[in-house]
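Please open the model in your viewer and keep the selection panel at hand. The tour below proceeds stop by stop, stating what to select and what is found there.

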Amino acid sequence: MKTILSAFVLLISTVVVNAHFQISFPPPRGRFVEDNEPNFCDGYTNVTTNRTQFPLTGGFITLNSEHPQWSAAFYISNSSNPNSFNDFTQVNSFFQVSGEGGFCIPLNFATSNFTGLQNGENVTIQMLFNGGDGNLFQCADVTLTDNNSSISSVSCSNATQSTNSSSGSGSGSGGSGSGALGLASSFDVKLLGFLALVSLVPCFM
């Protein structure tokens, strides 16, 4: 009986550990490393020199989710080389999505609570993702532009439903993401740091 129970626990643990997410656009700071996901920027603490053009309005993040249900939020830093959670400010409310696979999540800086962003400015976007097994993080270093043609060639779709990339809107496959993705949140960077620490605390049965 103990052997069966141990095998079952191991199976569940394997399923949980193997569930991840990967940002596709804009390209993340470095190659995806699943063991580093609970760490700041997936373990990449230095900014990349090859930044991606990202629009000030009508922008979006494309990603792959390996969780059937998940929540997330976006953070931004305009520091030249942000290397800690304290360098980031949350720019939208936490939102929830149902479904696995590819998703296109709108990120419109024009309606976010981070004001003063300008064309040509270098910023870093950090995404907090939680599929129920802890907080995971990835970052992308971008240069802001007022030209939406920078994303015209990027495919924006949500698993089984296509989305117009110029609008930057989307909903999950078989479910939906909550609205107000560009609104200010009552959470701040202190909570982001706290969540990161909590995600590192092991769970015991």
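Begin with the cysteines: two disulfides are counted, a disulfide being a pair of cysteine sulfur atoms within 2.5 Å. The model is predicted, so local features need pLDDT of at least 70 and side-chain atom pairs count only at pLDDT 80 or more, while totals for chains, interfaces and linings use all residues. Residues are numbered from 1 along each chain as its sequence is written, and side-chain values use heavy atoms, with hydrogens and water left out.

**First stop: Cys-41 and Cys-139**

Select Cys-41 and Cys-139, which a disulfide joins with an S to S distance of 1.8 Å. The torsion about their S-S bond is about -65 degrees, so this disulfide is left-handed. Cys-41 lies in the loop between strand 1 and strand 2 (52-55), and Cys-139 belongs to strand 9 (residues 135-145); the pair therefore ties together parts that are 98 residues apart in sequence. Strands (E, at least two residues) are DSSP runs, numbered from the N terminus. Both Cys-41 and Cys-139 are buried, meaning under 20% relative accessible area (1.4 Å probe, protein chains only).

**Second stop: Cys-104 and Cys-156**

Next, select Cys-104 and Cys-156, whose disulfide has an S to S distance of 1.7 Å. Its torsion about the S-S bond is about -90 degrees, so this disulfide is left-handed. The link spans distant parts of the chain, 52 residues apart: Cys-104 is in strand 7, and Cys-156 is in the loop between strand 9 and strand 10 (157-158). Cys-104 is buried at a relative accessible area of 0%, and Cys-156 also counts as buried, at 6%. With the bonded cysteines of the protein numbered in sequence order, the pairing reads 1-3, 2-4.

**Third stop: the sheet containing strand 7**

Display strands 1, 3 and 7 together. In what order do these three strands form their open sheet? The order is 1-3-7, with antiparallel pairing; two strands pair if DSSP finds at least two bridges between them. Strand 1 (21-25) and strand 7 (101-107) stand at the edges with a single partner strand each, so one side of each is left without a neighbour in the sheet. From one strand to the next, the twist averages 30 degrees. Now restrict the view to strand 1 and strand 3 (residues 59-65), an antiparallel pair joined by four bridges. Within it, Gln-22 stands opposite Asn-64 of strand 3.

**Fourth stop: strand 8 and its partners**

Select strand 8 (residues 122-130), which is mostly covered, with seven of its nine residues buried. Strand 4 (residues 69-77) pairs with strand 8 in the antiparallel sense over seven bridges, and Phe-74 faces Met-127 of strand 8 across this pairing. Then add strand 9, which runs antiparallel to strand 8 and is joined to it by nine bridges. Here Leu-128 stands opposite Phe-137 in strand 9. Strands 8 and 9 form a hairpin with four residues between them, and Gly-132 in the turn has a positive phi of about 105 degrees.

**Last stop: Arg-51**

Finally, select Arg-51, in the loop between strand 1 and strand 2. Which side chain of opposite charge is nearest to Arg-51? It is Asp-141, 4.4 Å away; Arg-51 is buried yet has no salt bridge. A salt bridge requires a side-chain nitrogen of Lys or Arg within 4 Å of a carboxyl oxygen of Asp or Glu. Show the backbone of Val-142 as well: the side chain of Arg-51 reaches the backbone oxygen of Val-142 at 3.1 Å.

Technical notes: Axes fitted to C-alpha atoms, helices over the stretch in contact; angles between N-to-C directions. Buried < 20%, exposed > 50% of the residue type's maximum accessible area, 1.4 Å probe, protein only. Lys, Arg positive; Asp, Glu negative; His and termini not counted. Polar contact = N/O pair within 3.5 Å; in protein donor to acceptor, adjacent residues only side chain to side chain.
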